[in-house]
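User: Please take a close look at one part of this protein for me. I would like to understand the place where the metal ions and the ligand sit.

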Amino acid sequence: MTAINLPLVRRLTGKLSGIPLRIQITAMCCSFVVVVSLVTWIIVSRSQEQVIQFEALKLADIVVNQAASARSAYSSLAVSKLKADGLGASEFSADQPGHIPLPAQFLKDLSFRSQQDNNGLFSFRPISKWNLAPEHGIRNKFQEWAWEQLESQNRRAPETPLEWTPVWRISEDEQGKVLRYLTADPAASPSCVNCHNALEKRADVIAKRIASGVKPGNQWQLHELLGAIEITIPLDRVAALAREQTRDGLLIVLGITIIGVCGVCFIVFYDVARTHAATEKLAFHANHDSLTGLPNRFALESTLNELVMENEEQARGESATLVFLDLDNFKQINDTLGHETGDKVLTMGANRIAQAVAADGFVARLGGDEFAVVLPGKSVEQVNAIAGQIADSIIQPYEVEGYKLSLGVSIGAALFPENAHSTSELLRCADVAMYTAKNGPLTFAWYDPASDTNAVSNLVMKDELREAIENDTLDVHYQPKYCLNTGRMTGVEALARWHSPSAGFVPPDVFISLAEHVGLINDLTSLILNNAASQCQRWRQMGFDLTVSVNLSAMNLHDGTLPTLISNCLSTTGLPASALILEVTEGTVMTDIERACEVLSQVRSLGVTFSVDDYGAGYSSLSYLNKLPVSELKLDRAFITHVGSSEKDAVIVRATLELARNLGLTMVAEGVEDAAALDFLCSIHCDQVQGYFLCRPLPAHELERRLPYIHRFSPVALHDSGSGQASDLSSEEIPRDKAA
Ligand code: C2E
Ligand code: MG
Ligand code: MG
């Protein structure tokens with residue numbers, strides 16, 4: 001297994017995967033046919049060659065046997081008979097009446113005649129090193145080589161006939177392919193031996209031997225090598241025939257293979273085509289919503305994944321906006337008119353979204369009444385415009401089954417890569433933005449990381465904030481409140497301050513809302529409350545008759561432990577209940593007015609007073625003011641800051657003061673930033689004031705240092721100074737933009 005070159009296999013399969021399946025199959029079939037043909041051709045040719053060889057050798061064997069038999073018959077029937085009659089065989093039989101040729105001469109003659117008669121099918125000839133006729137001597141290379149082989153098998157004076165192995169070779173010459181075959185023709189009978197031995201002793205033969213370089217006077221024993229019979233069989237004719245047969249056979253095999261392969265190809269292609277169609281259908285269903293035909297969540301995620309991957313791999317810096325849409329009131333239509341009608345409305349809505357987006361982006365249905373749109377490379381203005389078009393088209397009436405129905409839509413948008421670097425994070429951000437829109441007054445909202453408590457940065461801050469609360473490292477700054485009538489500092493407002501290790505200074509509204517979202521608000525309130533109460537008690541003990549105002553969050557009011565928390569705080573710090581003012585905003589109370597009233601009353605019964613903070617910024621509902629056990633109204637700084645110059649603000653401030661008076665509440669004007677505002681508030685006899693013009697929020701030790709100088713001020717002096725800035729009141733060292 002380890003020998004397999006995996007990278008190579010992977011590279012090959014990788015290359016193959018780019019080629020269409022049909023081409024792969026066709027190429028494989030063609031290769032198969034070629035290989036089958038080649039192998040068939042090689043096997044058939046080889047086996048035919050072997051058969052030819054075998055048959056040729058058999059033929060050679062037959063010819064040799066026939067020739068030997070013919071000579072033997074001649075020798076026993078003719079020569080022996082004539083000898084018995086007193087005549088015989090003679091070398092010179094032609095000149096000797098009653099004599100016939102020697103058996104060896106007979107064999108030569110037979111070979112000559114048979115060659116003429118068999119139409120070139122084969123030829124045989126007796127040859128020998130000692131043959132006196134040159135055409136029957138050893139004349140060519142094959143004969144030399146083969147004669148040597150036979151000589152090596154020869155033994156001197158064997159007692160029994162030797163086992164001769166024929167020698168053969170297939171060679172190509174000018175006549176073509178031929179089988180050359182040589183087998184021993186030993187001295188088979190004593191007469192044959194005698195005759196040849198006698199011949200060798202003749203003077204003329206000895207002379208001929210010397211002339212031709214052969215050792216004269218050779219004497220044979222029975223069975224020794226005397227001569228040989230050479231058979232030559234031309235194979236061309238039979239080879240051509242075999243080739244023809246091979247070709248025919250090959251064509252048949254090829255035909256059958258091609259038909260078989262075509263059949264297999266047809267079945268495979270047919271099956272592939274069917275599977276392809278089915279796969280495409282499945283892929284469509286896997287990527288599209290069956291009701292609206294729009295791409296589904298899976299397709300959306302694939303598109304976003306591609307975008308994220310391309311951005312990572314190619315660092316193209318492409319941007320995109322993911323827009324989330326949720327139809328408002330759709331559930332109502334479904335519930336009241338049924339799913340069939342609901343489906344029709346949904347389909348119409350989907351078409352309208354797709355038309356509004358047109359070619360600008362990719363629309364998908366996420367399920368239910370949720371849709372998403374990917375808008376690549378669009379500016380914020382363009383996205384705003386497209387979101388507007390979608391909202392406009394969605395709110396147009398839907399005429400379905402005689403009903404005229406209407407829908408709303410909440411749209412949220414998140415930016416890639418600014419808000420998120422991954423698909424899941426981008427989806428989450430767009431979802432958060434959509435919910436912001438749903439819970440707010442507007443149809444459309446962009447994702448805001450600051451208000452996303454689950455954003456990674458907020459998760460880090462969450463841990464840091466928890467640590468700060470646990471380690472009591474949150475700061476509390478104090479901002480004085482003054483009574484305009486006496487010029488005396490009546491109390492201070494405790495304002496939480498936090499420097500996050502990762503983000504630096506974090507504005508209180510941001511970390512307070514984070515604490516609310518992550519369940520830390522009760523601990524935070526408890527911490528600020530205890531710090532503020534003990535600090536105030538310290539100043540009171542120093543002789544400054546001050547109250548302390550602590551801000552409460554909506555969640556504190558819905559927490560049943562608030563009364564206990566406050567009574568514990570008062571008892572541990574020793575602060576009189578009358579010196580503690582708890583500030584609640586209108587929104588805090590209005591979310592669950594019954595419950596708020598209950599908790600407020602319980603706390604009020606301890607002797608603690610309540611102040612309505614930021615009055616005018618929210619509901620400004622008069623009805624609840626009557627119901628709540630509050631004793632102070634802090635008018636929002638939005639009406640105070642420019643009251644010196646704005647007639648409209650002046651009217652509101654005057655009216656609110658009137659209202660406070662009528663309800664028996666003390667009015668505090670917060671956000672006094674200049675002498676004009678202070679002047680105006682003095683002129684209308686506002687009860688109390690708070691603002692940068694008088695004093696910025698200060699750390700406890702700093703305020704303590706200044707208390708002897710600032711616990712009292714003279715409005716007249718301030719007014720007279722004309723400087724627009726209270727002389728002894730310095731600023732808190734926090735960034736202006738963050739403090740604002
Ligand atoms: P708030 O309770 O209305 O507090 C007054 C805010 O107005 C403070 O902002 C203060 O610094 C600012 N301010 C005071 N005078 C002026 C002025 O003349 N001009 C301007 N432009 N601003 C002035 P800060 O400290 O940033 O606090 C913002 C809000 O955070 C507070 O509004 C309060 O709602 C909340 N907050 C602060 N500390 C706590 C706390 O301990 N608990 C809770 N639940 N909320 C807190
Ligand atoms: Mg406040
Ligand atoms: Mg306020």
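Analyst: What follows starts at the metal ions, moves to ligand 1, and ends with some details of the chain.

This is a predicted model, in which local features need pLDDT of at least 70, side-chain atom pairs count only at pLDDT 80 or more, and totals for chains, interfaces and linings use all residues. Residues are numbered from 1 along each chain as its sequence is written, chains are lettered from A and ligands numbered from 1 in the order in which they are written, and side-chain values use heavy atoms, with hydrogens and water left out.

Start with the magnesium ion (ligand 2). Its protein donors are Glu493 (OE), Asn551 (OD1), Glu583 (OE) and Asp613 (OD). They lie 2.0 to 2.2 Å from the ion. A donor here is an N, O or S atom within 2.8 Å of the metal (3.2 Å for Na, K and Ca); water is not among the atoms, so sites may look incomplete. Along the sequence, the donor residues of ligand 2 follow the spacing E-x57-N-x31-E-x29-D. Two of these residues link distant parts of the chain: Asn551 is in strand β17 (residues 547-551) and Glu583 is in strand β18 (residues 580-585), 32 residues apart. Helices (H or I, at least four residues) and strands (E, at least two) are DSSP runs, numbered from the N terminus.

How covered are these two residues? Glu583 has a relative accessible area of 1%, so it is buried. Asn551 has 28% relative accessibility, so it counts as partly exposed. The cut-offs are these: buried means under 20% relative accessible area, exposed over 50%, and partly exposed in between (1.4 Å probe, protein chains only).

Now take the magnesium ion (ligand 3). Asp613 (OD), Asp614 (OD) and Glu670 coordinate this ion, with Glu670 (OE) listed twice. The distances are 2.0 to 2.8 Å. In sequence, the donor residues of ligand 3 are spaced D-D-x55-E. Again a pair joins distant parts of the chain: Asp614 in strand β19 (residues 609-615) and Glu670 in strand β21 (residues 666-670), 56 residues apart. Glu670 is buried because its relative accessibility is 9%. Asp614 has 26%, so it counts as partly exposed.

Which residue joins the two metal sites? Asp613 bridges the magnesium ion (ligand 3) and the magnesium ion (ligand 2). The two ions lie 3.9 Å apart.

Asp614 has another feature. Its phi is near 50°, a positive value in a residue other than glycine. Most residues other than glycine have a negative phi.

Next comes ligand 1. It is surrounded by 23 residues. The closest are Asn551, Asp613, Arg637, Glu673 and Tyr692. To count as near, a residue must have a heavy atom within 4 Å of the molecule. Asn551 and Asp613 are also donors of the magnesium ion (ligand 2).

Some atom pairs can be named. A polar side-chain atom of Glu673 lies 2.5 Å from a nitrogen atom of ligand 1. In the side chain of Arg497, an N or O atom is 2.9 Å from an oxygen atom of the ligand. Ala496 uses its backbone: an N or O atom there lies 3.1 Å from a nitrogen atom of ligand 1. Taken alone, ligand 1 exposes 790 Å², and the protein buries 92% of that. These accessible areas come from the Shrake-Rupley method with a 1.4 Å probe; for residues, only the protein chains shown count as cover.

Which elements build the shell around ligand 1? Those giving two or more residues are β15 (489-500), α14 (508-517) and β19. The largest share, 4 residues, comes from β15. By class, the shell has 10 nonpolar, 5 polar and 8 charged residues. Ala, Val, Leu, Ile, Met, Phe, Trp, Tyr, Cys and Pro count as nonpolar; Asp, Glu, Lys and Arg as charged; the others, Gly among them, as polar.

Now for some details of the chain. Asn329 also has a positive phi, about 70°, although it is not a glycine. Asn329 lies in the loop between β7 (320-328) and α9 (330-337). The peptide bond from Phe416 to Pro417 is cis, with omega near 5°. Most peptide bonds are trans. Pro417 is found in the loop between β12 (408-416) and α12.

Definitions and conventions: Polar contact = N/O pair within 3.5 Å; in protein donor to acceptor, adjacent residues only side chain to side chain.
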